[in-house]
Amino acid sequence: MSVRFRIVTGKGGVGKTTVAAAMALAATEAGQRVLLCEVRAHDRVAALLEVAPVGPKMREVRPGLFVVDMYPEDALHEYVLLTVRFEALYRAVFENRLVHAFLRLVPALPELVLLGKIWFHEREREKSGRPRFDLIVLDAPATGHAKSLLRTPETVMAAMPAGPVRDHARDMHTLLTDPTRTALHIVTTPEEMPVNEALELERFARELGVGLGAAFLNQDVEPLPSAVLAQLAPLACDPALAGALVALRQREHKREAGASHFAHLPPQMLERAVRLPLLVSSQFALGELHALRVLLSAAVST
Amino acid sequence: MRPLWEGRRVIACVGTGGVGKTSVAAALAMAAAASGRRTLVMTIDPARRLANALGLADFGNVEREVDPFALAEAGVHLRAPLWAMMPDVKRTFDELVERTATSDEQRRRILANPIYEQFARTLVGSQDYAAVEKLNQVYRSGRYDLIVLDTPPAQNVLDFLAAPSRVVTFFDQDTVRVLLKPYLLAGKVSTRLVNLGNAVIYRTLGRFAGGETLRTIIEFLLGFQGMYEGLRERSQQVQELLCGDELAFVLVGTTRTPQLHAMRAFRDTLAGQGLRTRAIILNRARPLPYASDAHERLEHELAARITETSDLARTRHALAEELALATQDAAALATLAHELPDTPVVSLPELPLDVHDLATLALLHSSLLAATDGRGESAAKAGERDRLGS
């Protein structure tokens, strides 16, 4: 039985959404039923998948691929209903303006609600007993927020006396820390800050006890053949072509710096690493996702 | 182009994560200090080496002067001092409590409440709020001609603008007085004090969150009694500052598609609030490596100089990628400039290294100074010159 909940995170701008979408696409192409969860994404993933905008209501955007853009405020309704069980009671109590204000004070409730929604879908079964989704991919927030999101159940368990919310927090913590059910995928680019945050996330996951899946080294650039820069050195004297040489030098310089950043990653992370190429395209969308899908499908099949 | 800071006392750099906001804010602050403005740059979570370069070894929540000699060595000669600071969320909230508490007893009670720390850290937007609260403090101190604020990464600029009012609503005493205080009393004294409708609410909330949790939160809220007015006043000051004429918003992004989308959304949101975007800074733009009419000659040169056939193919591929990236950047720049005829669009060149020391910051700073005509062309040219010279 393979892991059914995969969390994708990393520093802002490293390509988390792209990797999460490619991952979801890979599983869909392999015949799985997939739920891709975005958090307050304002429809970025819809553009990437070339489908109509997806809101907070889950929608099947292509056969087998369901997408939802979660806003904790909306998810709260569902979550409270799961706890309180009566729609009428929900209306009477939770639509009260003052109660709304109060709910904002329950520590970490929005985060808990997000995880609660995923927890619910992870356990959802059809009549046959088969899970409703073979895979759930969470396009998680960037490092700092992702850390507080994943730590939420533990925090709530520590800060809250007994009660239903605390019980839920324990269930979610169990899901997150079971490596047969959940895997964390760290995405980084070959730059200093993203690599630092990748290290931070790796440490954090080990401390919290979250299983680690493939790490994605994104925007990896092919090295230039070693002889080329020397062979092209005379171009420096040609005003019209010197820019090409500078561009190649700079590219190689940056690649080397990037490689040395990647070299800071611990061996156990490099063992799990999947390199994804820098894709150059004026309209990054489905075609590029498919190219990445092929590269990362092996990494998420275990 | 007139300097971005002309007629302003605060520049807020906004943008999504990973666009180099912190470096751009620091470079802007350098440029202002070099032109004779006493300047403070407030940065959020900079790379450790960049923080060290600015002299910010710890998150002290206090301003520190950036070493002018180190800057001069990097080629930046200041005509006024440059200061830097990193706002610390928890400390800023502590200071806020210290300042608005009505008595020592109240201050102690709040700071000791177990929920307080949780609250200071986890309230949505607490980082945004800490940034603007701290901004308001230093702004009012009058110590600086200009403050450059590097805001927390956001998908939506409204999160940032709404932070002060969100915190005030949070402490709205009505919530406590009308809804929660009777509960606490009833718990201690008698359920008869509570009317039937409210009793349903408490029972349900209690079932939902747990009775003890409910009680702890209410006690926490009651701890703030009497402070609301003070908090609201401060929040109003911050709101006025954010929407006033002395503050300018600068959008920072790159030419990559998702960030272009985000910047358009930022600008529209600001416009919806009646706020103008002072400038757009496109970071990491790549200059065109060569003119299109030189293509054939370049091909010829490559074929003549690169002996190995496979090497030639890989080099062609690399150059084609660089050209495509640069073309993409130029197109994005032109589109933005066309869409926003009234807003200067400045492009900063991609630098050979991550920005983590004063020398690299100085490069960014000189590119910024070179952006003189406000349509981006000269900045791109300057970038090209830098590259050619390197």
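The following exercises, each with a worked solution, concern a predicted model.

**Exercise 1. Describe the overall make-up of chain B: how many helices and strands are there, and what share of the residues is buried?**

Step 1. Chain B contains 17 helices and 8 strands.

Step 2. Of the 390 residues in chain B, 57% are buried.

Step 3. Among contacts in chain B with a separation of 6 or more, 79% join residues 24 or more positions apart.

**Exercise 2. Determine how helices H1(B) and H16(B) are oriented to each other, and which residues meet.**

Step 1. Locate the two elements: H1 covers residues 21–34 of chain B, and H16 covers residues 358–370 of chain B.

Step 2. Their axes are 8 Å apart and form an angle of about 70 degrees. Angles of 65 to 115 degrees count as roughly perpendicular, and H1(B) and H16(B) are therefore roughly perpendicular to each other.

Step 3. The handedness of the crossing between H1(B) and H16(B) is right-handed.

Step 4. On the H1(B) side, the residues in contact are Ser23(B), Val24(B), Ala26(B), Ala27(B), Leu28(B), Met30(B), Ala31(B) and Ala34(B). They meet Leu358(B), Leu361(B), Ala362(B), Leu364(B), His365(B), Leu368(B) and Leu369(B) of H16(B).

Step 5. Sorted by class, this contact of H1(B) with H16(B) comprises 13 nonpolar and 2 polar residues, with no charged residues.

**Exercise 3. Examine Glu50(A) and Arg284(B): where does each lie, and is each one exposed, partly exposed or buried?**

Step 1. As background, most residues other than glycine have a negative phi.

Step 2. Glu50(A) is not a glycine, yet its phi is positive, at about 55 degrees. Glu50(A) sits in the loop that runs between helix H2 (44–49) and strand E3 (59–62) of chain A.

Step 3. The relative accessible area of Glu50(A) is 51%, so this residue counts as exposed, the cut-off for that class being over 50%.

Step 4. Arg284(B), also not a glycine, has a positive phi of about 60 degrees. Arg284(B) belongs to strand E7 (residues 277–285) of chain B.

Step 5. With a relative accessible area of 25%, Arg284(B) is partly exposed.

**Exercise 4. Analyse the salt bridge of Glu321(B): which residue is its partner, and which elements does the pair connect?**

Step 1. Over all chains, the whole structure holds 29 salt bridges.

Step 2. In one of them, Glu321(B) pairs with Arg251(A), and the closest N and O atoms are 3.1 Å apart.

Step 3. This pair crosses between chains: Glu321(B) is in helix H15 (residues 309–339) of chain B, and Arg251(A) is in helix H11 (residues 242–262) of chain A.

Step 4. Both Glu321(B) and Arg251(A) are buried.

Step 5. A network of salt bridges links Arg251(A), Arg286(B), Glu321(B) and Glu322(B).

**Exercise 5. Set out the salt bridges of Arg234(B) and Arg267(B), giving the partner and the burial of each residue.**

Step 1. Arg234(B) and Glu133(B) form a salt bridge through their side chains, at 2.7 Å from N to O.

Step 2. Because Arg234(B) lies in helix H12 (residues 228–243) of chain B and Glu133(B) in helix H7 (residues 126–141) of chain B, the pair ties together parts that are 101 residues apart in sequence.

Step 3. Arg234(B) and Glu133(B) are both buried.

Step 4. Arg267(B) forms a salt bridge with Asp268(B), with 3.0 Å between the closest N and O atoms.

Step 5. Arg267(B) has a relative accessible area of 17% and is buried, whereas Asp268(B), at 44%, counts as partly exposed. The cut-off for buried is under 20%.

Conventions. Residues are numbered from 1 along each chain as its sequence is written. Chains are lettered from A and ligands numbered from 1 in the order in which they are written. This is a predicted model: local features need pLDDT of at least 70, side-chain atom pairs count only at pLDDT 80 or more; totals for chains, interfaces and linings use all residues. Side-chain values use heavy atoms; hydrogens and water are left out. Axes are lines fitted to C-alpha atoms, for helices over the stretch in contact, and angles run from 0 to 180 degrees between N-to-C directions. Helices (H or I, at least four residues) and strands (E, at least two) are DSSP runs, numbered from the N terminus. Angles under 35 degrees count as roughly parallel, over 145 as roughly antiparallel, 65 to 115 as roughly perpendicular and the rest as oblique. A crossing is left-handed if the near helix is turned anticlockwise from the far one by less than a right angle, and right-handed if clockwise. Contact means heavy atoms within 4.5 Å. Ala, Val, Leu, Ile, Met, Phe, Trp, Tyr, Cys and Pro count as nonpolar, Asp, Glu, Lys and Arg as charged, and the others, Gly among them, as polar. Buried means under 20% relative accessible area, exposed over 50%, partly exposed in between (1.4 Å probe, protein chains only). A salt bridge is a side-chain nitrogen of Lys or Arg within 4 Å of a carboxyl oxygen of Asp or Glu.
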